[in-house]
Amino acid sequence: MSELIQQATDAAANAYAPHSGIQVGCALETVAGNTFTGCNVENASYGLTICAERNAIFHGVAEEGPMMKIARLAVIALGHEFPPCGACRQVIAEFSLNDGATEIAWWKGGAPNVVKLRDLLPSVFSFQK
Ligand code: THU
């Protein structure tokens, strides 16, 4: 996970965040072994902002295709510590390993914190089960 954390930190430097000033980066590794990154991209019409996680996930689908599955994912905000927002958790779930086994890392208390998606989003929305 440490390499993904570094790649997420690097991606955060590319954030377009003139409105919040919060630069976020995400890096994910797929089951197929590819790595994709994303940063947050804000907009003057605030609701159009895309989070770093969704940017990375959509990048992964565009490059790898609709069967992409996320093995592990790291999100890093420069100068802040937070896990993926609720919207991004739901999008991660769409491309998660079975039973929410995808691992999610973020910086917490000055150290990497790793949890499974099922623990971050216990009651995922799904109409497929
Ligand atoms: N943001 C992310 O990129 N990921 C999250 O999980 C939470 C929030 C971004 C959106 C916005 O550009 C900034 O952080 C402040 O909310």
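This passage describes the overall fold, the first helix, a strand hairpin and an aromatic pair in a predicted model.

The secondary structure of the protein consists of 4 helices and 5 strands. Along the sequence these elements are arranged in the pattern α-β-β-α-β-α-β-β-α. The C-alpha trace extends over about 40 × 35 × 30 Å along its principal axes. For a chain of 129 residues, a compact globule would be expected to have a radius of gyration near 14 Å, and the value of 14 Å for the protein agrees with this. Of the 129 residues, 38% are buried. Among contacts with a separation of 6 or more, 59% are formed by residues 24 or more positions apart. The exposed surface of the protein amounts to about 7000 Å², of which carbon and sulfur atoms supply 53%.

Helix α1 spans residues 2-12, and its buried residues are Leu4, Ile5, Ala8, Ala11 and Ala12. When the helix is viewed down its axis, these buried residues fall within an arc of 120 degrees and therefore line one face of α1. The exposed residues Ser2 and Glu3 are carried on the face turned away from that buried side. The packing partners of the buried residues of α1 are strands: β1 (24-30), β2 (35-39), β3 (70-77), β4 (103-108) and β5 (111-116).

Two of these packing partners, β1 and β2, also pair with each other, in the antiparallel sense and over 5 bridges. Within this pairing, Cys26 has Gly38 of β2 as its bridge partner. The hairpin formed by β1 and β2 has 4 residues between the strands, and Gly33 in this hairpin adopts a positive phi near 95 degrees.

Aromatic pairing in the model is confined to a count of 1 pair, for which ring centres must lie within 6.5 Å. The pair is made by Phe125 and Phe127, with ring centres 5.9 Å apart and ring planes at 70 degrees. Planes over 60 degrees apart count as edge-to-face, so the pair of Phe125 and Phe127 is assigned to that class. Both partners are classed as exposed, a term that requires a relative accessible area over 50%: Phe125 has a relative accessible area of 56%, and Phe127 reaches 67% relative accessibility.

Terms used:
Residues are numbered from 1 along each chain as its sequence is written. This is a predicted model: local features need pLDDT of at least 70, side-chain atom pairs count only at pLDDT 80 or more; totals for chains, interfaces and linings use all residues. Side-chain values use heavy atoms; hydrogens and water are left out. Buried means under 20% relative accessible area, exposed over 50%, partly exposed in between (1.4 Å probe, protein chains only). Helices (H or I, at least four residues) and strands (E, at least two) are DSSP runs, numbered from the N terminus. The arc is that of the directions from the helix axis to the C-beta atoms. Contact means heavy atoms within 4.5 Å. Two strands pair if DSSP finds at least two bridges between them. The radius of gyration is taken over C-alpha atoms; the globule rule is 2.2 Å times the number of residues to the power 0.38. Accessible areas come from the Shrake-Rupley method with a 1.4 Å probe; for residues, only the protein chains shown count as cover. Rings of Phe, Tyr and Trp (its six-membered ring) pair if their centres lie within 6.5 Å; planes under 30 degrees apart count as stacked, over 60 as edge-to-face and the rest as tilted.
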